[in-house]
Amino acid sequence: MSFAIVAAVAAPLVIGGIQMAVNNKKANDMNNDIQAAQGNINNILNNREDVYDASGQIRAMKKDVDKMKGLVNNPYANLGVATKAAEMQAEQADISLANALETMRSSGFGGGGATALAQAAARSKQGVSANIEKQEADNNKLRAQGEVQANQQLIALENQKLSIEGQAIAASERAAQGEDARVQAQLDRAYGESDFLRSRQMGLQDAGDAAMMAGISGATSVGTAAIGNP
């Protein structure tokens, strides 16, 4: 094979190799720019302020409401009736009646007076019973009112818990959306620059590889033609 043929075969390889080397050098020279772009991204991410999420502290208030619910009660639930005083009053009436009858017998009064005294004592005992019944009725009324008030307090506290949960959800949403627009814009620009540089570097590498492949293809074609035409 003559020198001319060797030179013709080698020429595409040399040209492709030179172009590949030039492009690879340009691509490698971009490494510093790419690292600087990534450093800028890291700097923005590391120095941005944390978004305050108050939802946890707000939800903690629900525990205080639960404690308050535990303190709600019916203040009239255990009202009693003053039966002891009524019993004493009835006993006193019996004693008075007995004493009066004894006095009447010793004084010689007739049975009509004794009957009147007995009727008076019976009326006195009826009054005692009526007083007890009135106390029981008043207590039942107060217990019912106390139950209504206790239920109203529980409902109000439960509504307060629902309101607290709503505030917590709103706080979480604000935190999720709270990324500062200016910082986000900086990140968008930094990522855009980094992506551009990486894309440019890959383009140079691909172009170098393509030049080398073209050189190999050209050398192969020249060699094949030279062999076919000795």
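Here are four short exercises on the structure above, each with a worked solution.

The model is predicted, so local features need pLDDT of at least 70 and side-chain atom pairs count only at pLDDT 80 or more, while totals for chains, interfaces and linings use all residues. Residues are numbered from 1 along each chain as its sequence is written, and side-chain values use heavy atoms, leaving out hydrogens and water.

**Exercise 1. The overall fold**

Find how many helices and strands the protein has.

*Solution.* Start with what counts: helices (H or I, at least four residues) and strands (E, at least two) are DSSP runs, numbered from the N terminus. The protein has six helices and zero strands. Along the sequence this reads α-α-α-α-α-α.

**Exercise 2. The setting of N74**

Work out where N74 sits, whether N74 is buried or exposed, and which residues N74 touches.

*Solution.* First, locate N74: it belongs to the loop between α3 (55–71) and α4 (83–107). Next, recall the classes: buried means under 20% relative accessible area, exposed over 50%, and partly exposed in between (1.4 Å probe, protein chains only). N74 is buried because its relative accessibility is 14%. Then look for contacts, meaning heavy atoms within 4.5 Å. Beyond residues up to four places away in sequence, N74 touches L142, R143, G146, E147 and A150. Finally, zoom in on one of these partners: the N74 side chain reaches the backbone oxygen of R143 at 2.8 Å.

**Exercise 3. Two residues of helix α5**

Compare K161 and V148: which class of accessibility does each have?

*Solution.* K161 is placed in helix α5 (residues 111–176), and V148 is found in helix α5 too. K161 has a relative accessible area of 16%, so K161 is buried. V148 comes to 47%, so V148 counts as partly exposed. Now add the surroundings. K161 is in contact with K62, V65, D66 and K69, leaving aside neighbours within four places in sequence. V148 and N74 are 74 residues apart in sequence, yet 8.5 Å apart in space, C-alpha to C-alpha.

**Exercise 4. From residues to the whole protein**

Find what share of the residues is buried, and what share of the contacts joins residues 24 or more positions apart.

*Solution.* Of the 230 residues in the protein, 20% are buried. For contacts, count those with a separation of 6 or more: residues 24 or more positions apart account for 93% of them.

How values were computed
A polar contact is a pair of N or O atoms within 3.5 Å; within protein, one must be able to donate a hydrogen and the other to accept it, and residues adjacent in sequence count only if both atoms are side-chain atoms.
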